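Biologist: I would like to go through the salt bridges of this protein. Could you bring up the structure?
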Amino acid sequence: MTSTDITLGRAGTTPAVVLPAFAATIGASAFLLFSVEPMFAKMVLPRLGGSASVWSVALVFFQAVLLAGYAFAHLLTRRLSVTVAIGVHLLVCIAAAVMLPIALPENWGTPPDRFTELWVLALFAVAVGLPFFAVAVNGPLLQAWFARTGHPHARDPYFLYGASNLGSFAALVAYPLAIEPTLGVAAQSRLWSGGFLALALAVLALGLLAARLAPAAVDRAPTPTRPIAGARRARWVFLAFVPSALLVALTAHVSTDVAAAPFLWVLPLSLFLLTFVIVFQRRPLVPHATALAAQPLLLAAVVAVTALPILPLPARIGIELLAFFVAALVAHGELAADRPEPENLTAFYLWMSLGGVLGGIFAGLLAPQIFSTIAEYPILLVATVATRPGLLGRSGRDALRTLAPIAAVAAGLVVLRGFGYDLGSVPPTAAVALVGAAVTAIVLVRGDALRLLATLVVVLAALQVFTPGLGTTTSIRSFYGVNRIAESADGRFRFLFSGTTIHGAQRLRDADGGLVSGPPRPATYYWPGSPMADVVAATRLERGGTLARLITIGLGTGSLACHKRPGESWTFYEIDPEVVRIARDPARFRFLSDCAPGQEIVVGDGRVTLAEHGGAAADVLIVDAFASDSIPVHLLTREAIALYTARLAPHGVMAFHLQNKHMELTRVAAALAAADGWTAWVRVGRPGTAGAENHDFESTVVVLARAPADVAHLLADPEWRRMAPETTVAAWTDDHADVLDAILRKYRGDAPRLAP
């Protein structure tokens, strides 16, 4: 091209227009791409009981379709001229437009007990697959077209990948802060559809512009300057695999412990995309050497907060997110440094996307089948060290000499564990000293990648095997989470953990070591005199001494069943088949076998199965479903209240267990009551010293009744207080629920608003 061609182009268009037009369209495309992810996952969430695994599977799906989009863009640029590629891509966009607006397909059915992940993938493919694919093609395709325009920056168009990820990052920030709090999912879907159509027109215009600017010799399928070596492609795949898999594992960990909500989903993903924005700049905002230096220190910090969880959960999550961010910076920085010439741009993105998909498949689909715990998280933390330079290239003798001391420590730990030794028997000061030694070791070997990797393997494996404060532990994993059955170090109690939260406790032995006989005493949130025990006992009195029917959503160990009396009909609804098997097994917990043999349990999401399951109207309907400490949002909406109302007897009441470390939900319940004409009453039950020794826990319960007379016996206890009609918090709906506001209220210390 001559200088005149560069200035005006073949059609007289100034290149000054080209760069901002391409950058803006690529950014807008990425914005649409990453705003549809949390939007549709939020639509699907109620079908699956609010499980955090929904987002893990969603990430796998979107990564796979992104790979398909990159492969399609690669074919368009390799096989077709710009002009022909425009026509083909336009046909794809028209086909995708027919699928709009995005919504859940009707009559899709309920998820199966097994292979739930495949059911979710099929649902995503049918509902959102084609529109997402059409948008996914745009990023690499537009960059390849830009490389043919003759613009001065066309020789290195990778900076546009930063613009793409900046658009993605903007979407993920805007969704929880602006889009989700103000718009329901139906309105979001309509706006997204309009954006899709506008984007299709913009891509068409830029394709025509590129075809006009490109000389005839360039407007054809380009030939790579040289082939890409297989080892180099494999390295790209690995460098993309590790941070992608770690993203899925960390997101599941965070959202399981707090809430399965879009704003928690997008936080790790935003950091993930931000690393691409940083490393693909001509001058990275964070020097690669800085990320390499910080990574071992942050890994040591993760070990410390994992082994000694004394920090508040937000601080621990913050450290883990920062460690993830820097690890992704390291891996993606290595990718950016090894990017090929522009002729191989789409191939580079294709191999990088393949690594991302494989990482998502490993952490989102395979790991839950392979591991009974979240073992993939520490494994992937170790793998981040393998993305650092300098791991390979030393002799075998040197490697053995380097690893010998670390191997000796590992062998000693194996011997200790073989003799039944556990950190639970170590005094707290000694445990702190051991953790301090492990952290110090990580810091001291940070300059040697091989030593760092081996040290992390030993330390993180020890954390998985040695469980402070607990004895024998068994883990059972399902789509809905990880359930751990553990005994206290002194052997007196057995617990059921969901994630990090205890969901049931049974006394096995008395203080003198003797076995406990007779029916087990309900503990945790159902101790005698607890708010939920009050609800059952008081409503029973209202009904003349016997409950005709009681419905409970959520099972746990089944300890609530020990408040059941002969002649009463109770039904439990539980989404996780593994929890049902645990509760029914008397070798694990005896609440059901001793207190309610033959207890009716309906397996499936509480709302879905309750809508399908008939039976007599209930005197009491209890909502007590948790995943770790997260309460499924769809069980606290106006649509849910309408369903519960339809299942209640004329003077029946509903009770919600709302104890939560991270969300203030009593005011949501009060808003639901005010919206539908119920009265709301609340009690916070605090066990005494003796109760705490029995693992009785504080619990907050809100009762909704049509009139005070329906809970007269309950209100005889002055600890039950009527809540003021809620006017400042909106009642949640299936279309809109502001989880972020509930979390902020909790950390502000907001209390239930009581009536005078």
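Modeller: The discussion below concerns salt bridges in this predicted model.

Biologist: How many salt bridges does the structure hold?

Modeller: There are 23 salt bridges in the structure.

Biologist: Which residue forms a salt bridge with Asp338?

Modeller: Asp338 pairs with Arg235, and their closest N and O atoms are 3.7 Å apart. The pair links distant parts of the chain, 103 residues apart: Arg235 is in helix H9, whereas Asp338 is in the loop between helix H12 and helix H13.

Biologist: What is the relative accessible area of Arg235?

Modeller: The value is 33%, so Arg235 counts as partly exposed.

Biologist: Turning to Asp619, which side chain does it meet in a salt bridge?

Modeller: Asp619 meets Arg543, at 3.1 Å from N to O. Asp619 belongs to strand S8 and Arg543 to the loop between helix H18 and strand S5, so this pair ties together parts that are 76 residues apart in sequence.

Biologist: Is Asp619 buried or exposed?

Modeller: Asp619 is buried, with a relative accessible area of 7%. Its partner Arg543 is partly exposed, at 25%.

Biologist: And what about Arg745: where is the partner of its salt bridge with Glu664 located?

Modeller: The closest N and O atoms of Arg745 and Glu664 are 3.0 Å apart. Glu664 lies in the loop between strand S9 and helix H23, and Arg745 in helix H25, so the pair ties together parts that are 81 residues apart in sequence. Both Arg745 and Glu664 are buried.

Biologist: Which residues are joined into one network by salt bridges that share partners?

Modeller: That network consists of Arg667, Glu726, Arg748, Asp750 and Arg753.

Methods. Residues are numbered from 1 along each chain as its sequence is written. This is a predicted model: local features need pLDDT of at least 70, side-chain atom pairs count only at pLDDT 80 or more; totals for chains, interfaces and linings use all residues. Side-chain values use heavy atoms; hydrogens and water are left out. A salt bridge is a side-chain nitrogen of Lys or Arg within 4 Å of a carboxyl oxygen of Asp or Glu. Helices (H or I, at least four residues) and strands (E, at least two) are DSSP runs, numbered from the N terminus. Buried means under 20% relative accessible area, exposed over 50%, partly exposed in between (1.4 Å probe, protein chains only).
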